[in-house]
Amino acid sequence: MTDRQTHPYIDLIVTITGDDDLGTRHDAAVFYLSEAGYGMFSDDERGTLHAFIEKSAYDEEKTAEALAPLGSCVTTRVSEIEDRDWNEEWEKNYHRPIEAVPGRVVIRASFHEARPDIPFDIVIDPKMAFGTGNHATTAGMIRLIDGLSLAGRSVIDMGCGSGVLGIFALKKGASGCTSIDIDDRSTANAQENADANGVSLDIRHGDASLLSSVRPADCFFANITRNIILEDLDRYLSTLKPGGTLLLSGFLLSDLPAITRALSERGLETKETLNPEGDWVALRAERR
């Protein structure tokens with residue numbers, strides 16, 4: 001574990017209402033808020049979602065925009081909380097390994113026992129970065145990556161979070177991975193996790209504008225939101241080689257037609273879709 005880190009934080013208290021699909025809405029709130037910089041989540045005894053962000057990074061307008069897709073079923077209030085040891089809080093909440101692909105891929109923390117019986121034993125201490133395999137979008141991406149032949153192929157991971165997707169790709173034989181995230185806490189955490197797994201990621205801090213300086217790759221991963229995917233898709237494809245593979249997640253089943261249409265218009269063919277847990281989708285497309 002790293003040294004103790006304490007900072008003043010905002011507790012965003014999120015109440016989700018409705019007659020059905022509460023689980024999907026809860027997961028959507030977690031995903032959208034993680035994209036807005038929130039890094040720790042918990043549920044209280046009433047089932048209310050608590051999302052935490054460093055006080056200096058809290059932005060009321062950005063938070064409202066992140067939750068806007070959920071409409072009026074979500075209400076929020078804000079509470080400032082005292083400093084606490086977030087590494088300790090994370091250890092208490094992240095309490096079990098995730099077998100992302102049964103018998104093949106385990107994602108665990110450094111304080112869990114090693115799994116030499118599993119071909120891909122991945123160590124992830126996410127701290128305040130998204131990407132442990134707990135969320136359906138990460139799980140779907142892991143399953144798609146497991147189905148790829150990556151030996152000698154290059155990868156770009158856009159919105160890398162904890163770095164788990166790039167780390168898995170390298171463990172599967174990828175020749176290299178450029179991992180990009182707009183959150184400097186994520187890029188720092190991705191570096192820690194790469195070191196813990198004995199692999200080397202080319203980690204860069206920034207948004208999709210950085211892609212203009214990145215060498216085209218054989219595979220491109222993006223586990224981001226629907227709107228960002230559609231907005232930045234042309235930039236993604238500018239760094240995907242002919243015949244390359246594109247993996248996308250971070251959107252719902254209802255968004256799938258818009259995503260596949262945008263891909264088809266740009267010469268990509270959707271080959272596989274997964275929605276292993278409810279409405280979240282992960283997609284594999286190939287460049288013709």
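When I say that two residues touch, I mean that they have heavy atoms within 4.5 Å of each other. Keep that in mind, everyone, as we walk through this one, which is a predicted model.

Let's start with V155. Leaving aside residues up to four places away in sequence, V155 touches L150, A169, A174, G176, C177, T178, A217, C219 and F221. Where does V155 fit in the wider picture? The largest nonpolar core has 29 residues, and V155 is among those touching the most other members, along with V105, I122, I142, L150 and F221. Several elements give two or more residues to this core: strands β5 (98–101), β6 (105–108), β7 (120–123) and β11 (217–223), plus helices α4 (136–146) and α5 (164–171). The top contributor is α5, with 6 residues. There is also a second, separate core of 26 residues, including V214, I224, L248 and V281. As a general point, nonpolar side chains in soluble globular proteins tend to be buried together.

Now over to L33, which sits in helix α1 (residues 22–35). Is L33 buried or exposed? Its relative accessible area is 0%, and the cut-off for buried is under 20%, so L33 is buried. Beyond residues up to four places away in sequence, its contacts are L12, V14, Y38, F41, A51, T63, A66 and L67. Take A51: it lies 18 residues from L33 along the chain, and their C-alpha atoms are separated by 7.6 Å.

Finally, the whole chain. We have 8 helices and 14 strands, and 54% of the 288 residues count as buried. Among contacts between residues at least 6 apart in sequence, 65% join residues at least 24 apart. Thanks, everyone!

Methods. Residues are numbered from 1 along each chain as its sequence is written. This is a predicted model: local features need pLDDT of at least 70, side-chain atom pairs count only at pLDDT 80 or more; totals for chains, interfaces and linings use all residues. Side-chain values use heavy atoms; hydrogens and water are left out. Helices (H or I, at least four residues) and strands (E, at least two) are DSSP runs, numbered from the N terminus. Buried means under 20% relative accessible area, exposed over 50%, partly exposed in between (1.4 Å probe, protein chains only). A nonpolar core is a set of buried Ala, Val, Leu, Ile, Met, Phe, Trp, Tyr and Cys residues joined through side-chain atoms within 4.5 Å.
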